[in-house]
Amino acid sequence: MSNTFENLAFDYSGYKVLVTGGSNGIGAGIAAAYKAAGADVTITGTRPSAADYGADKADELSEYTYLAMIATDKAGIQAVADAIPALDILINNAGASLPGGKDEYDPDVFEEALAINLSSNYRLAAALQDKLSASTAPGGASIIGMASMSSLFGIEIVPGYGSAKTGLVGLTRVLGVRYARDNIRVNAIACGLIKSNMTAVMLDIPEMIQPHLDRTPMNRLGEPADIAGPTLFLTSPGAAYITGQTLTVDGGFSVQG
């Protein structure tokens with residue numbers, strides 16, 4: 001499946017969207033889908049500026065407003081929130097497993113994984129709550145978090161990442177209740193194995209990939225576009241009565257017996 005959006009029939013003209021981690025992978029796919037649907041899109045990345053990604057990538061990123069953000073930097077998260085004048089949709093996509101290639105069984109690395117993949121999500125949502133509550137978007141403002149298969153299963157190598165992504169499902173339920181009074185819907189997507197920078201190391205190792213494909217009824221890995229479509233649906237007026245939910249998008253992996 002190509003990473004294109006011609007068949008995603010959504011109109012986001014006039015919407016203000018923030019996609020964290022939008023410089024590559026799933027985040028880049030989501031940002032491109034909102035842009036193709038007419039939205040005004042801001043993305044975050046870990047480098048100081050879009051130019052720091054090199055000429056070819058910088059040209060691609062010029063389609064968006066770019067803000068630097070490190071998920072463990074509390075002041076930096078607040079600075080991103082302060083830089084956003086108005087917002088309708090927050091996509092809390094930024095995250096990482098095995099940060100820096102370190103062992104998540106080390107307690108300090110475990111806490112770092114929680115900060116990157118859970119605490120930063122809440123901190124940014126809280127910092128932007130007032131701006132989201134001021135949205136006049138049909139169906140209300142939206143926050144989307146990116147959960148994963150580690151939200152559903154015990155994946156031994158990533159105790160911190162898995163705990164954070166499991167916690168994200170709980171946070172989605174709680175904020176779905178809390179933020180409903182402000183006309184903000186909060187949902188999450190539990191992503192299957194999607195082609196991205198984070199999963200690239202696995203793609204050339206058949207003994208890692210083949211068992212996953214064997215369990216996946218659709219018999220393929222996901223593309224960023226496979227996550228972009230459900231994301232655009234969940235933030236649309238068509239999902240106006242959906243909040244606090246986690247939608248699994250995994251090609252059937254989690255339902256295979």
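Start by selecting Glu-60: at 39% relative accessibility it counts as partly exposed. Keep in mind that you're looking at a predicted model. Now add Lys-57, which is partly exposed too, at 22%. These two form a salt bridge, with the closest N and O atoms 3.3 Å apart. Both sit in helix H2 (residues 55–61), three residues apart, or about one turn of the helix.

That's one of five salt bridges in the whole structure, so where do you go for a pair that reaches across the sequence? Pick Lys-16 and Asp-40, whose closest N and O atoms are 2.9 Å apart. Lys-16 is in strand E1 (residues 16–19) and Asp-40 in strand E2 (residues 40–45), so this bridge ties together parts 24 residues apart in sequence. Lys-16 counts as partly exposed at 33% relative accessibility, and so does Asp-40 at 35%.

Next, select Lys-195 and Glu-223, another salt bridge (3.3 Å, N to O). Lys-195 lies in the loop between E6 (184–191) and H6 (200–203), and Glu-223 in the loop between H7 (206–215) and H8 (224–234), so parts 28 residues apart in sequence are tied together. Is each partner buried or partly exposed? Lys-195 is partly exposed at 37%, while Glu-223, at 15%, counts as buried.

Last stop: show helices H3 (residues 74–83) and H4 (residues 107–133). Their axes come within 9 Å and cross at roughly 30°, an angle under 35 degrees, and they are therefore roughly parallel. The crossing is right-handed. Color the contact residues, including Ile-77 and Val-80 in H3 and Leu-124 and Leu-128 in H4. The contact divides into six nonpolar, two polar and four charged residues.

Methods. Residues numbered from 1 in each chain as written. Predicted model: local features only at pLDDT ≥ 70, side-chain atom pairs only at ≥ 80, totals over all residues. Heavy atoms only, no water. Axes fitted to C-alpha atoms, helices over the stretch in contact; angles between N-to-C directions. Helix = DSSP H or I, 4+ residues; strand = E, 2+ residues; numbered from the N terminus. Parallel < 35°, antiparallel > 145°, perpendicular 65-115°, else oblique. Left-handed = near helix turned anticlockwise from the far one by under 90°. Contact = heavy atoms within 4.5 Å. Nonpolar A, V, L, I, M, F, W, Y, C, P; charged D, E, K, R; others polar. Salt bridge = Lys/Arg side-chain N within 4 Å of Asp/Glu carboxyl O. Buried < 20%, exposed > 50% of the residue type's maximum accessible area, 1.4 Å probe, protein only.
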